[in-house]
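Visitor: Hi! I'm about to look at a structure that's new to me. Could you walk me through it?

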Amino acid sequence: MDQTKAKRRFPWLKLTLGVSLVLNVLVIGMLWGVMTRTSQQGSLLRASVAALPADDRRELRRATGVILRAARDQTAGNTGGSQQMIAALRAEEFDPEAFSDALRQAQDRLLRISDQMHDQLLVKVSEMSPQDRLSYAESLEDRIKHRPWRGGGRERARD
């Protein structure tokens, strides 16, 4: 009784999709980390966005969503970096250059996304009137001084 299993047509497809998903999550995680990173004074980028008026923040959030979706769509069609990384890992003799190139591609993609987000914030602030910029500067200064994103709130930051 010779039963043969049907061969999978594309056994590499699940692996490629899985690696692509992992890379996308990694990129989004790094972006989130950049946006939420806190040091002694907290993330200046996060404070800069949080200090914007609500309508501007909403617009910036929408623009960021467009940037992230475009990056995700671009990655979905191009799995060369992830395939290169997997090939480097599976090779009998590890090729650090090939692995490094794949990582560099992912990092370059992250930097492009970050640059686009930076440009969006710059455009938003450049469009402000002098009075709006003054109000924005005061709001930003308040956020930097009191660091509300660190969980301390205004009262704890003044202690």
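Guide: Here is a friendly tour, one topic at a time. This is a predicted model, in which local features need pLDDT of at least 70, side-chain atom pairs count only at pLDDT 80 or more, and totals for chains, interfaces and linings use all residues. Residues are numbered from 1 along each chain as its sequence is written, and side-chain values use heavy atoms, with hydrogens and water left out.

Visitor: Thanks! How many helices and strands are there in the protein chain?

Guide: The protein chain has seven helices and zero strands. Here helices (H or I, at least four residues) and strands (E, at least two) are DSSP runs, numbered from the N terminus.

Visitor: And how much of the chain is buried?

Guide: Of the 159 residues in the protein chain, 27% are buried. Buried means under 20% relative accessible area, exposed means over 50%, and partly exposed is in between (1.4 Å probe, protein chains only).

Visitor: What about the outside? What area does the protein chain expose?

Guide: About 11,700 Å², with carbon and sulfur atoms supplying 54% of it. Those areas come from the Shrake-Rupley method with a 1.4 Å probe, and for residues only the protein chains shown count as cover.

Visitor: Let's go inside. Which residues make up the largest nonpolar core?

Guide: That core has 10 residues: Ala47, Val49, Ala51, Leu52, Leu60, Leu121, Val125, Met128, Tyr136 and Leu140. A nonpolar core is a set of buried Ala, Val, Leu, Ile, Met, Phe, Trp, Tyr and Cys residues joined through side-chain atoms within 4.5 Å.

Visitor: Which elements give two or more residues to this core?

Guide: Helix 2 (44-50), helix 5 (96-126) and helix 6 (130-146) do. Apart from this core lies another one, of seven residues, among them Val27, Leu31, Leu110 and Met117.

Visitor: Can we zoom in on one core residue? What does Leu60 touch?

Guide: Not counting residues up to four places away in sequence, Leu60 touches Val49, Leu52, Gln120 and Leu121. A contact here means heavy atoms within 4.5 Å.

Visitor: How many of the contacts in the chain join residues far along the sequence from each other?

Guide: Among contacts between residues at least 6 apart in sequence, 65% join residues at least 24 apart.

Visitor: Back to helix 5. How far does helix 5 reach?

Guide: Helix 5 has 31 residues and reaches 43 Å from its first C-alpha to its last, close to the 45 Å expected at 1.5 Å a residue. The expected span is 1.5 Å times one less than the number of residues.

Visitor: What caps the N-terminal end of helix 5?

Guide: Asp95 does, with a side-chain oxygen 3.2 Å from the backbone nitrogen of Glu97.

Visitor: And which residues of helix 5 are buried?

Guide: The buried ones are Ala98, Ala102, Ala106, Arg109, Leu110, Ile113, Met117, Leu121, Lys124 and Val125.

Visitor: Lys124 is in that list. Why does Lys124 count as buried?

Guide: Because its relative accessible area is 11%. Leaving aside neighbours within four places in sequence, Lys124 is in contact with Leu52, Asp56 and Glu59. A polar contact of 2.6 Å joins the side chains of Lys124 and Glu59. Polar contacts are pairs of N or O atoms within 3.5 Å; within protein, one must be able to donate a hydrogen and the other to accept it, and residues adjacent in sequence count only if both atoms are side-chain atoms.

Visitor: Changing topic: how many salt bridges does the structure hold?

Guide: Four. A salt bridge is a side-chain nitrogen of Lys or Arg within 4 Å of a carboxyl oxygen of Asp or Glu.

Visitor: Can you show me one of them?

Guide: Sure. The side chains of Asp55 and Arg58 meet at 2.6 Å, N to O, and both residues lie in helix 3 (residues 54-77), three residues apart, about one turn of the helix. Asp55 is exposed at 52% relative accessibility, while Arg58 is partly exposed at 37%.

Visitor: Why does that spacing matter for direction?

Guide: An α-helix has 3.6 residues a turn, so residues three or four places apart point the same way.

Visitor: What about a bridge in helix 6?

Guide: Glu141 and Lys145 both lie in helix 6, four residues apart, and their side chains form a salt bridge at 3.8 Å, N to O. Glu141 is partly exposed at 44% relative accessible area, and Lys145 is exposed at 55%.

Visitor: One last thing: how far apart are Gly18 and Ser82?

Guide: They are 64 residues apart in sequence and 9.7 Å apart in space, C-alpha to C-alpha. Gly18 is found in helix 1 (residues 11-36).
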